[in-house]
Amino acid sequence: MWTRRVLLPVVGLLAAGGVVAGLVVGLGGDGPEDAVRAQAQGFLDAWARGDAERAAAHTDDPVAAGDLLGSVQRNLQPTAAALRAGDPAETREKGQDGTSFEVPLAMDFTLPDHGHWRYASSALVKRRAEGEGWTVHWTPRLLHPRLRAHETLVLTRQRAERAPVLAADGTPLAADERVWHVSVWPAKVRDAGALYGALDALDAGIDIPALKKRVAAAGGNDSVPVVTLRDDVFQPHRATFERISGLQYRDATQPVARHARALVGTVTPGTTDKGASGLQARYDGQLRARPATEIVTAHRETGQPVATLAERAAGTGKPVRTTIDIRVQQAAEAALDGLAKPAAIVALDPRNGHVLAVADNPLNGPGRALTGRYPPGSTFKIVTSAALAGQGVAAGSAVECPKYATVNGQRFENQDEFQLPLGTTFRQVFAQSCNTAFVGLRSRLADGSLTETAKAFGIGGEWKLGAASFDGSVPAARSENEKAADMIGQGRVEAGPLVMASVAATVKAGAFHQPVLVPDAVSAPYRAPARLPAATLTMLRSLMREVVVSGSGRALRPLPGEPRAKTGTAEFGAASPPRTHAWLTGYLGGRDLAFCVLIEDGGSGGRDAGPVAAEFLRGIG
């Protein structure tokens with residue numbers, strides 16, 4: 001059934017040649033039926049090609065015919081057309097003087113989101129007034145038997161609900177919700193200060209100076225879009241908006257991410273919502289539902305529907321189910337809430353690599369949790385320690401930890417320039433994150449040792465999570481200085497929160513399990529070409545526990561579950577003193593959870609990332 005509504009204007013002309021005409025087999029003979037049929041077919045061929053002017057030239061009223069044909073083509077926007085006039089044997093003479101014939105027409109249009117639309121019509125073909133040749137008599141019914149004067153054909157589409165992105169338990173991470181599109185009508189603005197103040201109070205990241213410039217450059221009666229707000233954000237400000245002249249808002253329904261917003265991504269709203277970023281873009285073809293369609297006759301002046309000629313129900317998309325654990329995700333987002341710096345948390349199940357949480361701060365900012373590339377700093381000492389263990393370094397080995405270590409004139413130092421006394425063990429330098437000790441041990445390793453050891457952690461392979469990811473990079477050192485920097489997660493070593501969470505998960509599980517976010521999209525996860533020896537794993541687990549008990553990860557000490565961790569303070573940029581990213585990666589000895597916290601330009605791993613990690617773990621309970 002069609003419902004009465006005002007139709008939106010349809011735009012976009014169908015280019016000539018934009019549709020495919022049906023093939024027609026030529027017919028022999030010299031009787032009038034052949035010529036009559038040829039004239040009707042000529043009209044149909046031109047219409048099928050999208051050439052309204054040439055099709056109209058086959059009629060006895062080219063102006064009226066061309067006008068309506070153009071309207072129909074714009075409104076239907078067919079992608080293909082197979083239009084056929086009946087055979088001469090099917091042509092019937094009208095009257096007794098042999099000057100007019102009725103030709104049956106078979107129409108088959110392929111229309112966007114609707115598919116095939118087939119119907120029958122007929123053409124009255126008359127001998128031209130001057131007696132030479134034939135012409136198709138023009139009437140709107142030529143295009144469809146139910147089309148009347150002052151009407152046109154229109155394809156309407158009604159938005160279908162997009163399939164949701166789901167957590168592991170079926171909870172929607174993103175689903176249709178009511179939203180509000182806010183805009184400014186420049187000509188109606190009376191109190192600019194109140195208007196911009198109200199928009200700034202939304203705390204929605206609106207660039208007020210840039211908005212003022214856009215409003216100033218717009219025409220008085222233009223609508224300047226500002227922001228789209230979720231209903232729960234909009235409603236507390238609605239009363240204020242109602243009092244401000246020139247501030248407009250209208251509601252709509254579109255998919256909205258409720259959790260893991262940067263991961264889930266956004267859609268561009270419309271009759272057919274299109275994924276614009278994140279999982280919404282990656283799985284757009286699966287999530288998108290074909291809209292409901294109606295083909296109607298409509299009044300050309302008002303756009304009001306008159307009669308429904310065909311309709312098709314909306315299709316359905318298929319949900320995308322992830323491995324996200326809602327409770328863990330909420331705890332991660334809560335731990336990042338209020339941070340002034342960009343940050344991320346990734347949590348994994350060490351048993352199978354399932355991604356339990358992907359949180360980014362700000363929530364609507366770029367997704368750095370899975371795709372970020374950073375120097376991992378001292379969190380990479382987990383990998384370095386595994387390599388050193390293979391060369392005979394044990395937790396109890398005696399190691400020096402001076403304030404400074406110099407390599408070919410380049411000075412390496414510990415955070416706050418601390419040093420440890422003689423007789424210090426490797427366990428202690430790991431727990432206190434002594435850079436100079438690791439730099440001093442570089443001679444135990446070959447230039448490619450870290451690259452080879454990293455392979456046991458899956459680094460260097462191509463991961464297939466079901467989402468975009470950066471999978472880490474540990475190239476072989478090209479110089480002694482580069483090798484020294486690589487030992488402490490600087491130099492050319494790169495990782496992200498996902499990678500370092502996976503490093504911790506590998507230590508916990510005893511083997512690398514490639515992270516997986518969308519299981520249905522991962523048929524063959526990457527498998528590491530090597531495994532860490534059991535003795536090495538035992539040492540790493542002990543070292544990471546020591547970090548919490550007596551070292552830089554003390555923020556986790558009061559928590560249950562025997563947390564084990566490694567902090568990192570990674571230098572970046574050319575500032576003096578250097579700016580640093582704050583890291584903490586770890587796992588719980590008493591449950592199946594590995595995690596990583598990163599705070600961009602966040603200071604110290606132990607001092608700044610540690611409390612965030614502690615809050616995250618407390619939030620899980």
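A residue is termed buried when its relative accessible area is under 20%. The legends below concern a predicted model.

**Figure 1. Overall view of the predicted protein model.** Of the 621 residues in the protein, 50% are buried. The secondary structure consists of 18 helices and 22 strands. The C-alpha trace extends over about 120 × 65 × 45 Å along its principal axes. The radius of gyration is 35 Å, whereas a compact globule of 621 residues would have one near 25 Å. Of the contacts between residues at least 6 apart in sequence, 68% join residues that are at least 24 apart.

**Figure 2. Surface and charges of the protein.** The accessible surface amounts to about 27200 Å², and carbon and sulfur atoms contribute 49% of this area. The protein carries 68 positive and 63 negative charges, and the mean positions of the two sets lie 6 Å apart.

**Figure 3. Strand E13 and its surroundings.** Strand E13 comprises residues 292-299. Because six of its eight residues are buried, strand E13 is largely enclosed by the rest of the structure. Strand E6, formed by residues 151-158, runs antiparallel to E13 and is joined to it by eight bridges. Strand E14, formed by residues 305-312, also pairs with E13 in the antiparallel sense, here over six bridges.

**Figure 4. Ile295 and its partners in the adjoining strands.** Ile295 of E13 stands opposite Leu155. In E14, Ala310 is the bridge partner of Ile295.

**Figure 5. The hairpin formed by E13 and E14.** Five residues separate the two strands of this hairpin. Within the turn, Gly303 adopts a positive phi of about 75°.

**Figure 6. Close-up of Thr297 in strand E13.** Thr297 has a relative accessible area of 0%, and the residue is therefore classed as buried. Outside its neighbours within four places in sequence, Thr297 is in contact with Arg146, Leu147, Glu151, Thr152 and Leu153, as well as with Gln304, Pro305, Val306, Ala307 and Leu309. Among these contacts, Thr152 and Leu153 fall in the range of residues assigned to E6, while Pro305, Val306, Ala307 and Leu309 fall in the range assigned to E14.

**Figure 7. Thr297 and His144.** The C-alpha atoms of Thr297 and His144 lie 9.3 Å apart in space, although 153 residues separate the pair in sequence. Thr297 itself belongs to strand E13.

Note on methods. Residues are numbered from 1 along each chain as its sequence is written. This is a predicted model: local features need pLDDT of at least 70, side-chain atom pairs count only at pLDDT 80 or more; totals for chains, interfaces and linings use all residues. Side-chain values use heavy atoms; hydrogens and water are left out. Helices (H or I, at least four residues) and strands (E, at least two) are DSSP runs, numbered from the N terminus. The radius of gyration is taken over C-alpha atoms; the globule rule is 2.2 Å times the number of residues to the power 0.38. Buried means under 20% relative accessible area, exposed over 50%, partly exposed in between (1.4 Å probe, protein chains only). Contact means heavy atoms within 4.5 Å. Accessible areas come from the Shrake-Rupley method with a 1.4 Å probe; for residues, only the protein chains shown count as cover. Lys and Arg count as positive and Asp and Glu as negative; His and the chain ends are not counted. The place of a charge is taken as NZ of Lys, CZ of Arg, CG of Asp or CD of Glu. Two strands pair if DSSP finds at least two bridges between them.
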